[in-house]
Amino acid sequence: MVDIEPEFENISLSSSQITATMIPKDNEIDSKLSHNRTRSYSSLQSDKDKDTGLLLRRVDETVHENTQNRQSIERGKQELIHNLEEKEKVKKSSDIDWQFWGEVMANYEEVARTQPHALSKAIQKGIPKELRGMVWQLMSSSKNSELETLYQEYLKLSSVNDKTISKDLSRTFPALEYFQDPDAVNWLFNVAKAYSLYDVECGYTQGLLFVIGPLLLNMPDEEAFCLLVRLMQSYDLRGHYLPEMPGLHLRLFQFDRLLEEILPLLHTHLTRQGVKSSMYASQWYMTLFSYRFPLDIVYRIFDNIFAEGIEAIFRFGIALMKKNEDKILSLQFENILDFLKEGLLEVYRIPQGEGSQRGSEALQAPLLKGQSHSSPHSSMTGSVSPRLATSADSGEWDCDTFVADAFEIRITPFQLDAYASEWAETCYNINKHAHEVDGLRLANRNLSSQIKKLEASLTQINGEHCELVKTLVNLRIEKDEMEESLVNQLVKMQVENAASQDELKKTQEQLSRLS
């Protein structure tokens, strides 16, 4: 696979690198803390059951959030059940329990509440490929005719992200035959463009196409768009793609805490080697494992994400780390990074000669070529017809063992809520410190401004003082000159007066002689 730009491989969680702009505001933190506490208490029953806790909470959240789309979802159920009955007659020898999946299609929420263990086990075994797209939509309650109509309107518009999306198309599943079809590439572009118009703040981020791809392989593009919207909003995937990626930072923090609790020796080794989860796991959360993993495994991961929520991805990440713990402990920094990015999944590769039926399933595309793919009136029954596609990796993988190992990892909603609260508190403290620093900086700017004003005033006063001194010196000079002039005049007058006195005496003496 062609490497994409490592945009999501260099995210650091060190507090010194977290800017104030990526940290939630105080009121947002309080809201999240309150929400987490509420969810924790309301999910106490599901927390007791570590196998189905995430699934039950996901059902609760779906019921709470979704009240508008029931009619859209119900429309195709009877026809779907009929189709399933026909399949059951044809596939008597199959291991798939078509009757159970018919009940799931008829009333997913009821089955999830009354038979959570059976549903969880069935999903762990893999949703039948003929039903996968429909079941994903049922589990997420994504069917929305208004959104489908809006999608058709977006197709007529252009987006500021069009060039960026087009640039990334050739780097998305380049080895997959299905996406060599110009129509499929166009659908991939359309869904990404439509979402960038639907959510302007989020726009388009590299890695999103790897999430859209598996959706398009299981349903028409308008349904894939609705499911993407649901993933971003209800499943909280949107936070992974916002400018500051707050959701991604939260997931990486939760992953670190789970790794520390479940695999403490491995966590210590990675910490000592300076390997951060952001160096290898960010692409897991940005692409939901679609970037480097074969699609038959990606499908199984998506099955559980739609059933349990985005938190299900922790199971698979921790399972990979646990399966490869001994190997990672024997490696040093650079080799660790290469192995974590390229070699983690090799432990689940089926050696050649062991049979092709063990773990890998045929990949599927949404509709037969030539069939209408963009009708806003497409129903859920329209995504049943598969077309085979070629995986990005021709090897076969033990998907069942991978999923089983993942479900050996015990993760409860309470754990994740507790870690989310820790992260919110950490962000709050950093935010608080940032506010203090900003306050000091503001005070410093004010003092600097005052100093500059005082310096300007001092300069002005010094100038005025110099002028006064110059004026005073000039006045003193003028005074001295005036005094000197007066003294000279006085001396002159005294000399003249003396001369006049002498003449007067002479004149008087002459007059006396004459008389």
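Glu 201 is exposed, with a relative accessible area of 53%. Here buried means under 20% relative accessible area, exposed means over 50%, and partly exposed lies in between (1.4 Å probe, protein chains only). The model is predicted: local features need pLDDT of at least 70, side-chain atom pairs count only at pLDDT 80 or more, and totals for chains, interfaces and linings use all residues. Residues are numbered from 1 along each chain as its sequence is written, and side-chain values use heavy atoms, leaving out hydrogens and water.

What does the side chain of Glu 201 meet in a salt bridge? The partner is Arg 238, at 2.8 Å from N to O. Arg 238 lies in the loop between α14 and α15 and Glu 201 in the loop between α12 and α13, so the pair ties together parts that are 37 residues apart in sequence. A salt bridge is a side-chain nitrogen of Lys or Arg within 4 Å of a carboxyl oxygen of Asp or Glu. Helices (H or I, at least four residues) and strands (E, at least two) are DSSP runs, numbered from the N terminus.

Arg 238 also forms a salt bridge with Asp 199, where the closest N and O atoms are 2.5 Å apart. This pair links distant parts of the chain, 39 residues apart: Asp 199 sits in the loop between α12 (182-198) and α13 (209-216), and Arg 238 in the loop between α14 and α15 (246-262). Asp 199 counts as buried, because its relative accessibility is 8%. Arg 238 is partly exposed, with a relative accessible area of 22%.

The structure holds 16 salt bridges. Another one of them joins Glu 422 and Arg 257, with the closest N and O atoms 2.9 Å apart. Glu 422 is in helix α23 and Arg 257 in helix α15, so this pair ties together parts that are 165 residues apart in sequence. Glu 422 is partly exposed, at 29% relative accessibility. Salt bridges that share partners also join Lys 143, Glu 148 and Glu 223 into one network.

Glu 223 leads to helix α14, where this residue is buried. Why is α14 largely enclosed by the rest of the structure? Twelve of its 13 residues are buried. Among them are Phe 225, Leu 227, Leu 228 and Val 229, along with the charged Asp 221, Glu 222 and Arg 230. The length of α14 (residues 221-233) agrees with expectation: at 1.5 Å a residue, its 13 residues should span 18 Å, and its end C-alpha atoms are 18 Å apart. The expected span is 1.5 Å times one less than the number of residues.

Helix α23 (residues 413-514) takes us to surface patches. Patches are made of residues with over 30% relative accessible area and no salt bridge; like charges are joined within 9 Å, nonpolar side chains (Val, Leu, Ile, Met, Phe, Trp, Tyr) within 5 Å. Val 469, Val 473 and Ile 477 make a nonpolar patch of about 220 Å². Ile 477 is placed in α23 and is partly exposed, at 41%. Glu 478, Asp 480, Glu 481, Glu 483 and Glu 484 form a negative patch. Glu 483 also belongs to α23 and is partly exposed, with 40% relative accessibility.

One last site is Glu 396, in the loop between β2 (387-389) and α22 (399-408). Glu 396 counts as partly exposed, at 25% relative accessibility. Its C-alpha atom is separated by 8.8 Å from that of Tyr 348, 48 residues apart along the chain.

Terms used:
Areas by Shrake-Rupley, 256 points an atom, 1.4 Å probe, with all protein chains shown as cover. Charge placed at Lys NZ, Arg CZ, Asp CG, Glu CD.
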